[in-house]
2 protein chains.
Amino acid sequence: MSSPVVRIYQENIQLAHGSGGELSNKLISELFLSAFGNDELNKMNDSAVLQTKTKKIAFSTDSFVVDPIFFPGGDIGKLAVHGTVNDLAMSGAVPKFLSCGFIIEEGFPISDLQKIVNSMKVAAEEAEVNIVTGDTKVVPKGKGDKLFINTSGIGFIEHQFSLGAECIQPDDEIIISGTIADHGMCILSQREQLSFEPEIESDTAPLNKLVKLVIDKFGSAVHAFRDPTRGGVAASLNEFAKSSNTGIQIEDELIPINKAVKAACEILGIDPLYVANEGKCLIVVERGYGDEVVQYIKHYPLAPNAAKIGQVSKKYPQQVQIKTLLGTTRFVDLPVGEQLPRIC
Amino acid sequence: MSSPVVRIYQENIQLAHGSGGELSNKLISELFLSAFGNDELNKMNDSAVLQTKTKKIAFSTDSFVVDPIFFPGGDIGKLAVHGTVNDLAMSGAVPKFLSCGFIIEEGFPISDLQKIVNSMKVAAEEAEVNIVTGDTKVVPKGKGDKLFINTSGIGFIEHQFSLGAECIQPDDEIIISGTIADHGMCILSQREQLSFEPEIESDTAPLNKLVKLVIDKFGSAVHAFRDPTRGGVAASLNEFAKSSNTGIQIEDELIPINKAVKAACEILGIDPLYVANEGKCLIVVERGYGDEVVQYIKHYPLAPNAAKIGQVSKKYPQQVQIKTLLGTTRFVDLPVGEQLPRIC
């Protein structure tokens, strides 16, 4: 039988777990290496040494501070893997390697850390990426909030054409890969302890395979991808309009949204266009390809509700307009304040 | 004249600065892009798209939670740039690209953020790396502590021989590039408001050019580099001994240490072998090369106090021993607890 002292030592994160000493090594080998272990990570050198298949690579970083850290459909670890995988995928890259930096609050239960690490392992396997390098810091109780995770990632760029917001042209068509606002409304309803029937689940998911399908099939007819996370579809479309100096027009009735999410947004007075998604992407394609892309990706498990929601034009450059259900048109501006802090 | 409301808005970080909306964009364009701006960062896509010169690359990550964030010799931003530059350099890579993820506590003064960003800009220029992608999150007051920074980085590996802890052989010689324990004792004396004459300064510095000098001159006679940060020289040498299954012997009287640092360690009862360095590296070289490497790097501005401090052997594998000033020998174990939390 283990003594109480040993049990406390095993159950909660202590400052010494971030010291670079024996407890750090124990945490790394028993928890991180046993979950993520691969040849490169196991060497525990200061850097991972990697072979790239291409000389053109994508590089991305994201920190995750979501509250709560466990939520219907996922947790902060799954979100951290998907977030960086998706950022890489949005540039058309095939995500390959992730780094992982933990900032843990003293006293955080090791059992929760274990759950989150397991969830990252599963998410990384599903997305076919390896976690090859990492770092752990511990801050004293009250100087952090449970757990923050940074993931950075490297992807290989195999396609030969240009892709990005700056490639968007007038007459392009705009697709969303599925229902909007699921992640943000899931987090908000958890945090405010609101319950909806059916329960609202986060849509957190890896989009890299969907992106590859579209690139492989449609090639240079694809002009840009973006995952509308913080700031939602509204922020992403505004970024598109600004980067490409075009105007964007979408139609409210074309935008897919789950019933419960729509109801929650109405009750709380929140516009779903501004709410974060974590498993959806906007796809901008050449005129005439919109319907074909939608039909093609609808068969893919992550995109059954994909829809063409609007188009690009020369009208009102750098602005986004939406045609409402009443038939009127209004501008969709960038959000100014913060509706939903710590959504990701 | 600006109104008080506008002044508050401009002076402190608000939750909305992390929203993905208008205030986020303002912060990014006015602060981050104006300091770090380069072609890739300016595109503000989800990932940076980069050309690698080599197909073998190094990838590293580190989060920085140092307290205080400003200290003699540097600040958290400078440390964050040097930390990842050095981790990349330790694998023999030429550091090229950095990512930068900020987790900022609501209410943090924007003027302090500006100072830190400027300091990162200068550090990146000195180390000849570009900050190509970034992320900003804001957490509510009391849920973080001023500012945490993650930097991840990519370096090009140009040398053709193996390098790393696993390459260390019996009879190899061990060099330290300069005085030990400066960074840790600087932070500790600041935090405890102890003053020493002369003031103890952090040694934070980019080691990439020093590493390149050594590799270019001595090639495969160099077996491993490591920067002894958290856990100090003691932790790094223990990692060397374990990874290479060798024993390591060092001599106390050969280890360079500044007078004020030594005095501070004696007063506080701290063993400088366990204290973090941020601008020094251990270099392990083939037998017979130690003195030559020391003489060569002593001319380099960052290594005037470089010294050969010991050697590798088959004795006591996986253990580190030190010969004390009294002529006795003791084992140097990994630190178990945490002497100095939030040192980096």
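**Exercise 1. Placing a phenylalanine**

In which helix of chain A is A:Phe218 placed? Then settle whether A:Phe218 is buried or exposed, and list what A:Phe218 contacts beyond its sequence neighbours.

*Solution.* The model is predicted.
- Start with the secondary structure. A:Phe218 belongs to helix α7, which covers residues 208-218 of chain A.
- Next, take accessibility. The relative accessible area of A:Phe218 is 8%. Buried means under 20%, so A:Phe218 is buried.
- Now set aside neighbours within four places in sequence. A:Phe218 then contacts A:Tyr289, A:Glu292, A:Val293 and A:Tyr296.
- Finish with a distance. A:Val285 is 67 residues from A:Phe218 along the chain, and their C-alpha atoms are 8.9 Å apart.

**Exercise 2. The fold of chain A**

Work out whether the radius of gyration of chain A agrees with that of a compact globule. Add the secondary structure, burial and contacts.

*Solution.*
- Count elements. Chain A has 10 helices and 14 strands.
- Compare radii. A compact globule of 344 residues would have a radius of gyration near 20 Å; chain A has 21 Å, so the two agree.
- Check the box. Along the principal axes, the C-alpha atoms fill roughly 70 × 50 × 35 Å.
- Turn to burial. Of the 344 residues, 62% count as buried.
- Look at contacts with a separation of 6 or more. Residues 24 or more positions apart account for 85% of them in chain A.
- Close with charge. Chain A carries 32 positive and 43 negative charges, and their mean positions lie 2 Å apart.

**Exercise 3. The interface**

How many residues does each of chain A and chain B bring to the contact, and what area is buried between them?

*Solution.*
- Count residues. Chain A gives 78 residues and chain B gives 78 residues.
- Take the area. About 6,100 Å² is buried between the two chains, with 54% from carbon and sulfur atoms.
- Name the leading residues. A:Asp46, A:Lys55 and A:Phe59 supply 13% of the area that chain A buries against chain B, more than any other three residues.

**Exercise 4. Backbone geometry in loops**

Find where A:Pro68, A:Pro198 and A:Asn245 lie, and describe their backbone.

*Solution.*
- A:Pro68 sits in the loop between β2 (56-64) and β3 (70-71). The A:Asp67 to A:Pro68 peptide bond is cis, with omega near 5°.
- A:Pro198 sits in the loop between α6 (182-191) and α7. The bond from A:Glu197 to A:Pro198 is cis, with omega near -10°.
- A:Asn245 lies between α8 (232-244) and β10 (247-251), in a loop. Its phi is near 50°, a positive value in a residue other than glycine. At 49% relative accessibility, A:Asn245 is partly exposed.

How values were computed: Residues numbered from 1 in each chain as written. Chains lettered and ligands numbered in written order. Predicted model: local features only at pLDDT ≥ 70, side-chain atom pairs only at ≥ 80, totals over all residues. Heavy atoms only, no water. Helix = DSSP H or I, 4+ residues; strand = E, 2+ residues; numbered from the N terminus. Rg over C-alpha atoms; globule rule 2.2 N^0.38 Å. Buried < 20%, exposed > 50% of the residue type's maximum accessible area, 1.4 Å probe, protein only. Contact = heavy atoms within 4.5 Å. Lys, Arg positive; Asp, Glu negative; His and termini not counted. Charge placed at Lys NZ, Arg CZ, Asp CG, Glu CD. Buried area = accessible area lost by both parts, 1.4 Å probe.
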